[in-house]
Amino acid sequence: MAITGDIPPDGPEASVRAYLGSILLWALLGTTAAAGQTIRLDFSDTPLSEALETFAARTGMDVVHSPSLVTDLVTSCRYRGTSQRDALICIMSGHDFRVESISPRQAVLIPLDPDNPTLSQPEGRVLSGFVRDAETGESLHGAHVVLPGVGSGAVTNEAGYFAFPGMGTKPISMAITYLGYARLDTTVVSRSASGSFSLEPMAYQVSGIVVEEESRRRADVTITPGLVSVSRRDLQQFPGTLGNTDVLESLKWLPGVQRAGEATGGLLIRGSGPDQNLYLIDGAPVYHPWHAFSLISIFQTDTFKDVSLYRGAFPAEFGGRLSAVLDAELRDGSRSEPNASLGISGLNASFLMESPISERSSFMLSGRRSYIDRLVGRRHPVEDDAGRRDTLRTGYYFYDWSAKYTFRPDARSSVSVSWYAGRDALDLRLPFDLSLDFSSWLRPADLFFEVDQQWGNRILSMRYQRLISSRLFLTTTLYYSRYQARENTLIQPSQSSNVSSQYRVDLEDTGARVVLDWYPSLAHQVRVGVETVQHQFDSGLDALVAYTPTLEEPVNETSRTVATEASFFIQDVWTPGPTIKVLPGLRASWFGSGSFYRLSPRLSIQWAIDPTWLIVRAAASSQVQYLQRIRDRNAYLYDLVSSRWVPAQSDVPPSRSRQLSLGLETHRIPRTILRMDGFVREGRGMLLPEDEYQSKDGLLGPGIEIATLLGQFDRGEERSLGFEIGVQTRTDHWLVVGSYTRMRSENRIVASPQAAFRPSRYDTPHAFGLVASFETGRWNLGGSMDWRSGYPVTVPAARYQLVDPISGEATWYYHRPTLNNGRLPYYLRIDLKMAYRFQFADAAWSTGLSVYNMLSRRNVVNQTWDPALPDSGPDNRLGLPILPMIDLIIDL
């Protein structure tokens with residue numbers, strides 16, 4: 001077989017629009033003419049429309065196109081062979097089109113974006129482009145782009161951009177895959193401009209062939225150990241919390257990831273604490289990503305286009321935390337047509353709308369609000385038999401607003417503005433002597449308490465992305481993040497005394513980040529960046545303690561700290577050979593409060609024994625964290641929102657951690673991905689409570705100054721060791737995800753040299769999770785099982801009595817020489833979910849039923865002992881019983 005044609009010479013004098021475009025491979029790569037039929041083509045300055053008609057007549061392959069697109073275009077081509085693909089390459093060589101198949105016997109011509117410039121360098125050509133969603137036009141971050149014939153692969157950046165430098169002018173086969181999208185096989189040449197490649201969202205239940213293509217994603221492209229990318233479609237299939245689709249709740253089904261507590265705690269990753277995770281929304285940090293006392297998160301599944309979780313050994317571009325990074329990107333908004341959806345669950349109602357504004361701009365807007373306060377009521381007028389009247393309050397609600405505007409001035413640039421605002425509000429006025437008899441709450445009372453509490457986040461992020469050249473890509477991000485908490489309290493413990501207080505906590509971050517992606521050669525992809533952020537910590541307390549009508553004590557305290565953090569990083573995806581990838585990186589950081597300088601080296605190595613059979617990954621990393629979260633352990637006066645972030649200071653150095661990991665991944669079993677990872681982790685400088693069982697025995701406490709709060713904590717060490725197994729299987733109708741983690745996590749206080757390591761608060765030796773989803777026709781059925789070891793608990797060793805020498809009053813206490821020496825019973829919960837889809841009134845409807853804790857097993861989530869009760873066993877605090885929830889989603 002020979003292919004010849006009039007190929008323009010190299011250099012700027014060549015045709016400025018010379019481009020082969022991309023051709024989607026047919027169902028079988030290199031489809032041939034029927035029964036080995038030879039295709040003969042011989043064109044010389046032949047009109048392109050005539051050449052395409054001749055091609056269709058001789059091959060039976062119809063090429064659909066608009067006549068106006070090919071008017072005045074000619075082609076010169078001489079071909080003899082049996083490949084329809086190669087014949088079409090010959091015809092279209094030198095023309096500004098891409099050709100995609102829409103069936104085995106039909107293809108369509110698509111014109112390229114005219115704003116894309118051509119490459120003029122005769123040598124060192126760059127094959128580059130952007131990967132986008134075919135339906136919405138959104139960029140796809142983290143898509144895998146593979147050149148099978150070259151043995152090279154890349155992952156798209158935040159703008160969906162990729163580049164392969166040093167390519168020749170011959171056609172090259174390219175495969176693009178992304179979770180939740182159909183695989184795109186195409187043929188391109190590198191002499192053209194940066195192209196745009198669109199992936200079609202995949203409906204798993206439609207075809208087994210589509211599912212098989214998804215399972216063939218190349219495992220050797222992603223080098224980062226511990227990186228987990230989950231598509232939005234998969235997240236929507238996972239059971240959520242009480243009927244809500246929630247990103248953080250869905251991530252707990254992955255190996256090494258757990259939720260603290262039953263359903264109301266932060267993420268625990270590889271034995272870390274909840275405050276050792278970094279949460280990002282469009283590059284801006286979030287300090288409290290939870291609603292409803294950590295029941296659900298602010299990360300709504302439908303609002304985000306991409307979610308990446310880095311566990312443990314994350315790249316040098318991320319810093320400031322010890323354990324993990326959750327990097328989430330808001331949806332850009334559809335560039336094709338307006339879309340809207342409405343949803344109602346057992347806890348809240350939500351909406352999302354997106355639309356193009358113009359040819360180059362789009363927006364997304366979403367909102368959510370709980371409505372429990374509307375159902376239960378916020379104010380309750382009450383009256384007793386004596387005619388006393390009062391108005392009690394039981395109000396609580398939360399809300400979210402998310403918005404994003406994206407503008408594309410040209411094919412090389414993109415500007416986006418992202419905004420998020422969320423808040424929780426609690427308003428209570430109840431009797432002081434509450435009991436478990438809820439009917440006794442709503443009654444007039446002389447002794448009462450009032451709480452008006454609010455907390456929430458606000459984020460503003462502005463990002464500019466620019467393709468400077470095919471080898472240089474610039475991303476600049478400016479952001480502002482603020483976490484606020486307010487607590488107004490009025491307590492009437494007796495007829496003559498009362499306490500009123502106003503307590504506030506503010507944390508503001510103002511930062512800038514500049515990142516440059518450089519593609520010097522096919523063997524190197526370098527990312528370098530700088531970031532600076534100013535942290536501002538403010539807190540204040542205004543209180544009045546009235547012991548008697550004539551004896552009052554005012555309290556006025558404020559605390560303010562400003563600290564600047566700056567960092568520089570450089571990392572390189574180095575491919576020394578076809579089976580080896582190395583990701584070295586270095587992060588240098590400086591923290592102004594205490595003038596700390598730290599270097600954090602990172603190294604990841606990947607060996608592809610076979611791209612689908614076995615991938616081996618190893619990593620070593622060092623992290624530093626300058627901010628830690630602590631909680632006052634003494635005072636009742638600021639009890640609810642007294643958890644605060646505090647910066648490292650001269651007498652409290654930043655915490656550090658080091659981690660080693662080794663992992664295996666295989667796609668050998670059809671439609672199945674199997675991952676195994678082992679890790680060892682150690683950390684120093686963590687703040688641990690000086691007295692784990694410090695009693696809150698006063699109203700005022702020692703104060704709210706940071707130095708005073710730090711006096712309640714000691715520096716500690718921690719270590720964890722674990723092994724993880726994860727499996728994912730996908731068939732025409734089934735999606736099954738399973739995980740098992742074997743891990744031990746321990747810590748100790750450094751100030752006690754003889755102190756042995758003890759199990760950490762959330763040490764979980766065994767954890768197993770299984771989630772399955774079955775989809776057929778209009779129905780989606782799913783279930784999940786969560787089993788793990790019980791958390792550690794401290795069992796008292798003895799009971800003793802102290803007598804007041806003046807009053808003679810005796811008080812009993814427990815002796816606890818060893819912390820976390822016991823363990824709660826094992827935890828087991830099974831949830832079910834079913835949904836039915838249908839069309840009504842020109843809208844797509846989905847109604848579902850979620851059952852939380854199907855077995856209604858009241859898991860023991862905590863145990864306490866009362867020293868005043870002799871020979872008494874533990875008082876078990878039980879988890880939630882069975883809770884059914886109904887939800888409704890409408891896509892307009």
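A polar contact, as I shall use the term, is a pair of N or O atoms within 3.5 Å, where, within protein, one must be able to donate a hydrogen and the other to accept it. With that in mind, and noting that the model is a predicted one, let me begin with N859.

In this model, the backbone oxygen of L828 lies 3.0 Å from a polar atom of the N859 side chain. N859 itself sits in the loop that runs between β51 (843-852) and β52 (860-864). Is N859 buried or exposed? Its relative accessibility is 1%, so N859 counts as buried.

I turn next to the nonpolar interior. The largest nonpolar core comprises 31 residues, and the members with the most contacts inside it are Y287, Y396, L541, F591, L627 and W645. Which strands each supply at least two residues of this core? They include β27 (389-407), β28 (413-431), β29 (448-469) and β30 (472-492), together with β31 (498-521), β32 (524-548) and β33 (551-577). A second core, separate from this one, has 29 residues, among them L248, I281, F299 and V307.

Y396 deserves a closer look. Apart from neighbours within four places in sequence, Y396 is in contact with H291, A292, F293, S370, D373, D424, A425, L426 and W455.

Two of those partners, A292 and F293, have backbone angles to note. A292 is not a glycine, yet its phi is positive, at about 50°. F293, likewise a residue other than glycine, has a positive phi near 55°. A292 belongs to the loop between β19 (290-291) and β20 (296-297), and F293 is found in the loop between β19 and β20 as well. As for their accessibility, A292 counts as buried because its relative value is 13%, whereas F293, at 46%, counts as partly exposed.

Now to the surface. A nonpolar patch is formed there by I357, W401, Y405, F407, V415, V417, W419, L460, M462, Y464 and L478, with about 890 Å² of accessible area together. β27, β28 and β29 each contribute at least two residues to the patch; these three strands also each supply at least two residues of the largest core. One patch member, Y464, lies in strand β29, and its relative accessibility of 32% is why Y464 counts as partly exposed.

Finally, helix α3, residues 84-92, is mostly covered, with 9 of its 9 residues buried. The buried residues of α3 include polar or charged names such as Q84, R85 and D86, alongside A87, L88, I89, C90, I91 and M92.

Definitions and conventions: Residues are numbered from 1 along each chain as its sequence is written. This is a predicted model: local features need pLDDT of at least 70, side-chain atom pairs count only at pLDDT 80 or more; totals for chains, interfaces and linings use all residues. Side-chain values use heavy atoms; hydrogens and water are left out. A nonpolar core is a set of buried Ala, Val, Leu, Ile, Met, Phe, Trp, Tyr and Cys residues joined through side-chain atoms within 4.5 Å. Buried means under 20% relative accessible area, exposed over 50%, partly exposed in between (1.4 Å probe, protein chains only). Helices (H or I, at least four residues) and strands (E, at least two) are DSSP runs, numbered from the N terminus. Contact means heavy atoms within 4.5 Å. Patches are made of residues with over 30% relative accessible area and no salt bridge: like charges are joined within 9 Å, nonpolar side chains (Val, Leu, Ile, Met, Phe, Trp, Tyr) within 5 Å. Accessible areas come from the Shrake-Rupley method with a 1.4 Å probe; for residues, only the protein chains shown count as cover. A salt bridge is a side-chain nitrogen of Lys or Arg within 4 Å of a carboxyl oxygen of Asp or Glu.
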